[in-house]
Every structure is written in C-alpha cells, then in structure tokens.
Amino acid sequence: MTAVTLKNVSKVFPGDTLAVDSLSMEVNHGEFLVLLGPSGCGKSTVLRMVAGLETPSDGEILLDGEYANDLPPRDRNAAMIFQTFALYPHMSVGDNIGFPLKLGKHNGAQSVPDAVGDMAGALGISDLIDRKPSQLSGGQQQRVAMGRALVRRPKLFLMDEPLSNLDVGLRAELRTEISSLVRRHDATTLYVTHDQTEALTMADRVAVMRKGVLQDVGTPDEVYERPATMYVAAFLGTPRMNLLEARVNVFLDRYVALDFGDQELRLPWHDLRGRAVARYHGENIVVGMRAEALAPVAEGHPGQSIQGRVRFYEHHGHETLVFLDIGATAVVPDGIGDKPDLARSGSKPRRRLGGLFSGFGQTPAERREADSGPIRKPADLVFRLPPHIPVSAGQPITVAVHMDALHYFDKYGKRIDV
Ligand code: ATP
C-alpha cells in the first residue's frame with residue numbers, strides 16, 4: 001500500500017484553465033518525493049489537492065489506499081509547510097512549536113515541554129526558545145515553522161517551496177536538516193520546488209512536471225542519467241545539456257552516422273546503440289551531450305570528435321564554460337530558458353503552446369490557436385575547461401565526445417532507448 005496515490009488526477013480552474021492534466025503518481029511510505037518543475041507548471045495545485053485544499057476535477061486521490069477526494073484537510077494527518085512561515089507573532093518560539101500539541105493533536109508519549117525541547121534541539125534553535133518571531137531571522141523563523149509542523153509527528157508532510165525565501169547559504173544548510181529530520185521521523189514527504197539542486201540533493205525520487213503533465217519520475221540518478229524526455233534532459237543539469245539536431249545515416253555493416261551538417265559522429269553498426277539509432281535512418285533526431293561528455297583534445301578521432309571556434313566563454317572561478325560555434329543546429333524544448341514559459345499565469349499571449357503538451361493553462365480558444373514545438377537555433381556546444389587554461393574568442397578547438405554518454409530523443413522529444 002502506498003502513502004499517496006494519484007490516479008489520472010486533473011484540475012481545471014474556473015475559466016477552463018487546465019492546471020493539472022491527468023497525472024498518475026505514487027508516493028511510497030517513508031519516501032521523500034520531490035515535485036520539480038518551473039513556475040506555473042501545476043506543482044502547488046497537486047500538493048493542495050493532496051492536502052485537501054483543492055478538489056480534483058477528475059481522477060482519484062488515495063491516502064493509505066483509501067479514497068480521499070472528499071476527505072476534509074483536518075482528517076488527512078498531514079502537515080503543510082509553505083514558503084511564507086505564518087508563525088503566531090505574540091507567542092514565543094517554544095509556544096509556537098508546542099501549539100499543535102496543546103490543541104490535542106499530540107501523538108507521542110512525551111510531555112509537551114519535552115517534545116518542544118527535543119524539537120528545538122534537533123533544529124538548532126534551543127537558545128531562541130523564549131524569543132518572539134519578530135526577533136528571529138528568516139531562516140530561524142522557517143526552522144520554527146518546521147518544528148511546529150514536525151512536532152505532532154504527522155504521517156505526511158506537504159512542503160511547498162519552504163526554502164525559497166531564504167538566502168543561498170541558509171537554503172543549503174536547511175536542505176540537509178529537513179531531509180534528515182523527516183527521515184528520522186519516518187514520515188512520507190511530498191516536497192514542491194522549482195530548484196533542481198534541492199530536488200537532486202534531497203529526494204528519494206524526483207517527479208518532473210511541465211505544463212500540468214508529469215514528464216518523468218525516478219531517483220535523482222535515473223532522471224539525470226536517463227531523462228525520459230528532452231525537456232527533462234534540458235531542465236536538469238548546469239550548464240544545460242547540449243541538444244543538437246542530427247540526421248541519421250546508416251552505412252550498412254559499417255557505421256551509423258549522426259550528421260550535424262558539416263560534421264558527423266559515428267556509432268558502430270555492430271553494437272546495440274548503433275542498432276537502436278539506425279531505426280531512424282533518414283530522419284532527424286536530437287542528440288544530447290552534457291558538458292561532462294566533452295573534453296578538448298589536440299587531435300580528435302574521426303567520428304568521435306567535433307571541431308569548432310570559440311564564440312565566447314564565461315569564467316566561473318572554478319571552471320570556464322566555453323561556447324563553441326560548430327555549425328550545427330541546437331534544439332531548445334518548449335518551456336526551457338530561451339523563450340518565456342508561456343504557461344505562466346497572467347494575461348500574456350500563449351500562442352506557442354501545443355504539440356504534445358497542448359492545452360495547459362489555456363482556455364479552449366487559446367488551445368485552438370496554439371502552435372508550438374521546440375525552437376531551433378545555431379548551436380553553441382558548451383563544455384568545461386579548468387580555470388587556468390587560456391582561451392580566446394575565435395580560437396579553433398577540437399573536443400572529443402564520450403560516445404557512451406550520449407542521449408537520443410525522437411521528434412516528439414521522447415527518449416530513444418539504446
Ligand atoms: P509556482 O511555483 O509559481 O507556485 P506551480 O507550479 O506551483 O507554480 P500552480 O500554482 O499549481 O503552479 O498553478 C498552475 C496553473 O494553474 C497556473 O497557470 C495558475 O495560473 C493556475 N491556477 C492556480 N491556482 C488557480 C486558481 N485558484 N484559479 C485559477 N487558476 C489557477
């Protein structure tokens with residue numbers, strides 16, 4: 001039995017706005033599952049439906065295997081933590097933390113002061129116990145809010161971007177604390193964020209959403225190493241995965257060429273990867289290469305290296321990112337970086353939605369005029385150099401390609417398994 005089950009859950013808001021589109025997903029007992037996606041993709045709506053603050057328009061929500069669509073929030077034994085920490089301003093830290101226990105929702109055998117003391121200790125705020133919220137920093141306030149949610153030991157934690165109002169250093173610190181605390185309590189957690197670092201570092205499993213649709217779900221390694229769609233590939237990782245359009249040409253019994261225009265990479269014909277890609281002979285596919293799959297070399301092997309000229313570079317202290325003009329075409333999935341995510345709420349035009357993921361955040365009229373797909377543009381192949389290696393604009397560079405580390409996507413943006 002799973003802690004939370006969503007079966008084909010959809011949510012349509014008034015005005016016919018589709019916020020969640022037939023989402024099916026399970027959260028196992030004791031699991032820390034992170035819902036990851038850009039702003040406006042429907043993550044909070046999923047969380048609010050699990051909390052009972054919104055009712056699904058369609059589909060089923062089960063909690064511990066029981067139908068829960070109509071269950072009032074107070075009967076769900078769930079604690080919700082938001083990005084704004086609504087503490088009681090007139091109460092001390094200790095009273096804030098202990099408040100749920102005084103309301104009679106105490107599950108444990110401990111006395112209230114003991115439970116509050118233990119919780120404050122676990123959160124590193126024991127010395128602040130007599131202060132009022134106004135005398136605390138943002139990070140300290142969020143710890144108190146965490147403590148108040150954790151103290152009554154609910155079975156389910158629902159957290160909506162709890163760290164997004166904190167500065168970078170505090171966020172990193174609290175990331176570790178939150179995940180170790182909820183694991184210690186053996187609670188199930190559904191955690192919403194748009195921050196891939198939070199997702200990859202905290203989660204047992206990550207579910208990536210885009211425009212109301214679940215794109216991929218798996219362990220952090222699985223979604224990073226084997227992204228199910230081109231969108232997930234581009235969303236996870238810094239710098240963003242290089243995604244190049246390539247035509248597949250099969251030279252029977254010799255090799256399978258990935259033709260980028262003037263240059264090609266070759267996969268051996270007598271190998272599973274070559275065979276899998278060969279099915280797309282004569283078609284365009286998208287080849288994904290993370291920066292870590294590329295390394296500059298003095299001389300490249302034919303079919304296993306790419307040449308180009310440095311268009312520009314960025315020094316990042318610990319590394320230099322080099323952007324190489326290679327005369328190929330890059331593909332930017334809809335909703336990623338280079339163009340605005342038009343699913344965002346508000347009155348912006350939403351003309352470019354559509355294709356595989358049409359309908360999200362749109363009225364029927366907008367859906368009809370939708371016309372979308374990924375953007376294509378001249379490729380800048382991005383790779384890393386150690387900071388001390390000099391580089392200059394216009395410089396010719398050859399990079400060796402780690403052929404085992406390539407990703408392939410079909411014209412619908414779906415992963416081609418090799
Ligand atoms: P963020 O990270 O910015 O909070 P999100 O991924 O959590 O975004 P949601 O808040 O779930 O996204 O919103 C998904 C879509 O549903 C958006 O297009 C939003 O405008 C719309 N939406 C959310 N709540 C309502 C509502 N009460 N009425 C109408 N539309 C809504």
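## Two domains

Domain bounds here come from an automatic or database domain assignment. Keep in mind, too, that this is a predicted model. With those bounds, the protein splits into domain 1, covering 4-235, and domain 2, built from 242-333 + 374-409. Measure from C-alpha centre to C-alpha centre and domain 1 and domain 2 sit 39 Å apart.

Where do the two touch? Five residues of domain 1 are in contact with six residues of domain 2. On the domain 1 side of that contact, the tally is five nonpolar residues, with no polar and no charged ones.

## The four-stranded sheet

Now for the strands. A bit of background: strands of a sheet pair through backbone hydrogen bonds, either parallel or antiparallel.

One open sheet has four strands, and reading across it you get S2-S1-S4-S5, with antiparallel pairing. Strand S2 (17-27) and strand S5 (66-67) are at the edges with a single partner strand each, so each has one side with no neighbour in the sheet.

Further in, take S1 (residues 4-13) and S4 (residues 58-63): these two are joined by five bridges in the antiparallel sense. If you want a spot to look at in the structure, try Thr5, whose bridge partner in S4 is Leu62.

## The six-stranded sheet

There's also an open sheet of six strands, and this one has mixed pairing. Its order is S6-S7-S8-S3-S9-S10. The edge positions go to strand S6 (78-81) and strand S10 (213-218); each pairs with a single strand, so one side of each is left open in the sheet. Going from one strand to the next, the twist averages 15°.

Within this sheet, S7 (residues 156-160) and S8 (residues 188-193) run parallel and are linked by five bridges. Phe157 is a handy marker here, as it stands opposite Thr189 in S8.

## A helix pair

Which way do H4 and H5 lie relative to each other? Helix H4 spans residues 138-150 and helix H5 spans residues 168-184, and they pack at an angle of about 10°. Angles under 35 degrees count as roughly parallel, and H4 and H5 are therefore roughly parallel to each other. Their axes are 11 Å apart.

As for who meets whom, H4 brings Gly139, Gln142, Met146 and Leu150, while H5 brings Leu170, Leu174, Ile178 and Leu181. Sort the residues of this contact by type and you get six nonpolar, two polar and no charged.

How values were computed. Residues are numbered from 1 along each chain as its sequence is written. This is a predicted model: local features need pLDDT of at least 70, side-chain atom pairs count only at pLDDT 80 or more; totals for chains, interfaces and linings use all residues. Axes are lines fitted to C-alpha atoms, for helices over the stretch in contact, and angles run from 0 to 180 degrees between N-to-C directions. Angles under 35 degrees count as roughly parallel, over 145 as roughly antiparallel, 65 to 115 as roughly perpendicular and the rest as oblique. Two residues are in contact if their C-beta atoms, placed from the backbone, lie within 7 Å. Ala, Val, Leu, Ile, Met, Phe, Trp, Tyr, Cys and Pro count as nonpolar, Asp, Glu, Lys and Arg as charged, and the others, Gly among them, as polar. Two strands pair if DSSP finds at least two bridges between them.
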